[in-house]
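User: I am new to this structure. Please walk me through its helices and sheets.

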Amino acid sequence: MQQWGINMNAMTEKQGYKFTEEFGYIPEDWNIAKIATKTNVVTGGTPSTKISDYWNGSIKWMSSGELNNKRIYDVEGRITLLGLANSSATLIPENSILIGLAGQGKTRGTAAINYVELSTNQSIGAILPSKYFNSEFLYQCIDKRYDELRELSSGGGGRGGLNKALLMNLSILLPPLPEQEKIAEVLGDIDSLIEATQKLINKKKDIKTATMQKLLTPKEDWSEYIIGDLGSTYSGLSGKKKDDFGNGESKYITFLNVMNNVVIDITQFENVIIKNNENQNRCVKNDLFFNTSSETPEEVGMCATLQDDISNLYLNSFCFGYRLKQQNIVNPRFFAYIFRTHYGRTIMQTLAQGSTRYNLAKDKFMEYKILLPEYLEQNKTTLVLSDMDAEIEALEKELSKYKDLKTGMMQQLLTGKIRLIGKVAKQERNVVSMEDTAAHKVANDEFKDAILISVLAYKFGNEQYPLGAFRRQKLSYFYKRHANINIDEYTKKAMGPYNSKMKYQGAENIAIRNKYVKKVGNRGIVATNLISKAEEYYNRYYNSADMQWLDANFHYENNNNLEVLATVDYAINDLVNQNKAITLANIKTYIASDEEWRPKLELDYFTDNAIIKAMEKIKKLFNSY
């Protein structure tokens, strides 16, 4: 963890830390407490499924499988008041930390947080909200301790489960509340980035699946071939013992490598001992591989191809190899793709034999007739799909990078090795001083931003629809643009023009501390009855006409449109500074040139038409370019 600038060996000598038996060295102002001393834990229940009056009511009811959604805004199940009253299910308030209690799978120990009131089944325990901790912070802490929670499971060999008593007795680290909030914000933002990237990956995969179905469904001009005429098969490793695997200089392609990839992943080979006198089949570039069996017919005969020259490479014994006789009739990658489409899966399900386990007979496979387009068309199709694969792979690497980043951040922030509170405390002292002498001195930028945030919350938010962080960023950006206030602090982030100081460096915290606004769960902020005091400051620092302009032009603009407008406006400003023409093509090129902004062009609401409309509105609003 050198990148954090922390010398872990010096921690014992670092001033301001104390040693604890449970957590080692922690900051002196952090406390340790049992869950039972700060809040309560409740468990759920399931109304009888035999009584229809207990089900399909208005009360949200969550099953343990939905814990994997992590942040819970809604659930599939619904029960009635009668079902609630006649079962051990109970209403759980929003901002509770939900934990999987039972099961041998991955769900046990999984943590989630709910943003709506709900009930749960008996396999979920809920740590209720409390004034002693920030729920988002505690969620991150519990989420980090997944492996520990699984080890706490009652019963031998990890086959039991967690229970209320174990959770009540769980010790937790509690920094001061302001620091909890700060940590929660930082980790929450990286969560948002991970979620957005995952959604983009899922969308790309859906597009690829649809493209495959379109390009790889047989057409009238496709020709028929017998698979055995196009190539020959060979077997995987044979006669190997358990001790032969994991050792040796040779490599082999695993079963999962074939199952999970269109193109064999050369970073996932495993070692095997192959002696000089052994008669084993080697794999070569452009070979294809099929798994011979599965528990379901849908997964028999998944196909992958080797696209690299690898010496001393062999195939696992649960798959067979297929080597093409001529390279100018079948593109190997096209062949691998086609067996992962509906057409290819139908072929394999036809060939699959068995009842409890399904097997693929090589002789039947070799006799099967398959339809293929001309070689040139195969190459074109393969190129299209390969580009899609490359794009998805790049996004998956990016997602992995974000997840690793979060793991590192959690390790540092949730143990106190890195402190965020120093800046917060300093800013809060500035606010106190400023409040005492506000009439006699110019407020600092953080306080000005806090006032702007407060009035935005008053004008654009209410208890039902509080002003969220996304809209705060966009509205403040356009406000400052219209008021000719410097916007250099807004940078290109995934959500668009983004000013981190509005959130991390004090503004929001100042507004809340001075009670001009309050948080509504995790959904946003609303003005309090002290907003009139914030309005007094607003009238000193800002012009009411600018807020009227903002209200008139953006009050009913939805978040998608706001993102497009702010992104396009930011791009236009930069293009003007670069003396470049303001055209659709230049704006798209500008957006595509930035790693964080490039994915915007794939969003279904970020179309050419939407960009053109944004250009027109921006020209009208600012009478520029």
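**Helices and sheets, one by one**

Analyst: Helix α10 (residues 342–351) lies across β22 and β23. Its direction makes about 35 degrees with β22. Axes here are lines fitted to C-alpha atoms, for helices over the stretch in contact, and angles run from 0 to 180 degrees between N-to-C directions. Helices (H or I, at least four residues) and strands (E, at least two) are DSSP runs, numbered from the N terminus. This is a predicted model: local features need pLDDT of at least 70, side-chain atom pairs count only at pLDDT 80 or more, and totals for chains, interfaces and linings use all residues. Residues are numbered from 1 along each chain as its sequence is written, and side-chain values use heavy atoms, with hydrogens and water left out.

User: Which strands sit at the edges of the open sheet of 3 strands?

Analyst: The strand order is β18-β23-β22, with antiparallel pairing. Two strands pair if DSSP finds at least two bridges between them. The edge strands each pair on one side only: β18 (293–294) and β22 (352–354).

User: Which residue stands opposite glutamine 353?

Analyst: Strands β22 and β23 (residues 358–360) run antiparallel and are joined by 3 bridges. Across from glutamine 353, in β23, stands asparagine 359.

User: What is the average twist in the open sheet of 4 strands?

Analyst: This sheet has the order β14-β21-β17-β19, and its pairing is antiparallel. Its edge strands are β14 (231–235) and β19 (303–305). From one strand to the next, the twist averages 30 degrees.

User: Which residue in β21 stands opposite serine 232?

Analyst: β14 pairs with β21 (residues 319–324) in the antiparallel sense, over 5 bridges. Serine 232 faces arginine 323.

User: How many residues link β1 to β2 in the hairpin?

Analyst: β1 (residues 17–20) and β2 (residues 24–27) run antiparallel, joined by 4 bridges. Threonine 20 has glycine 24 as its bridge partner. The hairpin connects the strands through 3 residues.

User: Is α15 largely enclosed or largely open?

Analyst: α15 covers residues 469–482. Among its buried residues (under 20% relative accessible area, where over 50% is exposed and in between is partly exposed, with a 1.4 Å probe and protein chains only) are Phe470, Leu475 and Tyr479. Because 12 of its 14 residues are buried, the rest of the structure leaves α15 largely enclosed.

User: What is the distance between the end C-alpha atoms of α14?

Analyst: α14 (residues 445–460) has 16 residues. The expected span is 1.5 Å times one less than the number of residues, so 22 Å is expected for α14. The end C-alpha atoms agree with that, at 22 Å.

User: How are α15 and α18 oriented to each other?

Analyst: Their axes come within 10 Å and cross at roughly 125 degrees. The crossing is right-handed. Under 35 degrees counts as roughly parallel, over 145 as roughly antiparallel, 65 to 115 as roughly perpendicular and the rest as oblique. α15 and α18 are therefore oblique.

User: Which residues of α18 meet α15?

Analyst: Contact means heavy atoms within 4.5 Å. The α15 side brings Arg471, Leu475, Phe478, Tyr479 and His482. The α18 side brings Asp546, Met547, Trp549, Leu550 and Phe554.

User: What is the handedness of the crossing of α3 and α6?

Analyst: The axes of α3 (residues 135–144) and α6 (residues 177–216) come within 8 Å and cross at roughly 65 degrees. A crossing is left-handed if the near helix is turned anticlockwise from the far one by less than a right angle, and right-handed if clockwise. The crossing of α3 and α6 is left-handed.
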